[in-house]
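This report walks through one chain, from its interior outward. Please keep the sequence and the 3D view open while reading.

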Amino acid sequence: MSQTEQNINSGLIRAAVVHVELPTNTALDPRTPEALLEEAVNLTYALGDVQVVHRVTVNLQRTTPKTLIGSGKVVELAELYAELKPDVVVVDTSLSPTQQRNLELGLNVKVIDRTGLIIEI
């Protein structure tokens, strides 16, 4: 049994939370990126027995259709997550099914978006 399976079966979920900040976010929501990231982390804790092992805000000028955050950021996070070994990465925005799949392949970990997180709660 893998460490991930053991963690999930024991009830402990290691999670990483990624808040995506776009220039349009500021116009739509006056809260700071830090406050929005904290909200996403708190939603993640609502899943139950969760340990947040990483939290980050990714500032983007524009989205990338394939992965939302771009291949360079995917590689950077994949290297970090290979060490931290989260069971799930929560992306604090809506992802298309293709983006979710590509992020899962690139990060080598389960990925859920904000909508999926809220459904899980």
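In this predicted model, the residues that line the largest cavity are V18, I69, L77, V89, V91, L103, L107 and V111. Strand 3 and helix 5 (97–107) are the elements that give two or more residues to this lining. By class, the lining consists of eight nonpolar residues, with no polar and no charged ones. The space inside the largest cavity comes to about 40 Å³, and a search of the whole structure finds one cavity of 30 Å³ or more. Rolling a probe the size of a water molecule over the atoms is what shows where such empty space is left.

The strands around strand 1 come next. Strand 1 spans residues 13–21 and is mostly covered, since eight of its nine residues are buried. Which strands pair with strand 1, and in what sense? Strand 2 (residues 50–59) runs parallel to strand 1 and is joined to it by nine bridges, while strand 3 (residues 88–91) also pairs with strand 1 in the parallel sense, over four bridges. The table sets out the two pairings, with one pair of facing residues for each.

| Partner of strand 1 | Sense | Bridges | Facing residues |
|---|---|---|---|
| Strand 2 (residues 50–59) | parallel | nine bridges | A15 and V52 |
| Strand 3 (residues 88–91) | parallel | four bridges | V17 and V90 |

In a regular strand the side chains alternate between the two faces of the sheet.

Beyond strand 3, the chain passes through a loop that leads to helix 5, and S96 is found in this loop. Is S96 buried, partly exposed or exposed? S96 counts as partly exposed because its relative accessibility is 29%, and the partly exposed class lies between the limits of 20% and 50%. From C-alpha to C-alpha, S96 and P65 are 8.9 Å apart in space, although 31 residues separate them in sequence.

For the chain as a whole, there are six helices and four strands, and from the N terminus on these elements follow the order α-β-α-α-β-α-β-α-β-α. Of the 121 residues in the chain, 40% are buried. The accessible surface comes to about 6800 Å², and carbon and sulfur atoms account for 53% of that area. Among the contacts between residues at least 6 apart in sequence, 63% join residues that are at least 24 apart.

How values were computed:
Residues are numbered from 1 along each chain as its sequence is written. This is a predicted model: local features need pLDDT of at least 70, side-chain atom pairs count only at pLDDT 80 or more; totals for chains, interfaces and linings use all residues. Side-chain values use heavy atoms; hydrogens and water are left out. Buried means under 20% relative accessible area, exposed over 50%, partly exposed in between (1.4 Å probe, protein chains only). Two strands pair if DSSP finds at least two bridges between them. On a 1 Å grid over the protein atoms alone, a cavity is a set of points where a 1.4 Å probe fits but cannot get out, and a pocket is an open set with protein on both sides within 12 Å along at least five of seven lines; lining residues have an atom within 4 Å of a point. Grid points are joined across faces, edges and corners, and a volume is the space filled by probe spheres set on the points. Ala, Val, Leu, Ile, Met, Phe, Trp, Tyr, Cys and Pro count as nonpolar, Asp, Glu, Lys and Arg as charged, and the others, Gly among them, as polar. Contact means heavy atoms within 4.5 Å. Accessible areas come from the Shrake-Rupley method with a 1.4 Å probe; for residues, only the protein chains shown count as cover.
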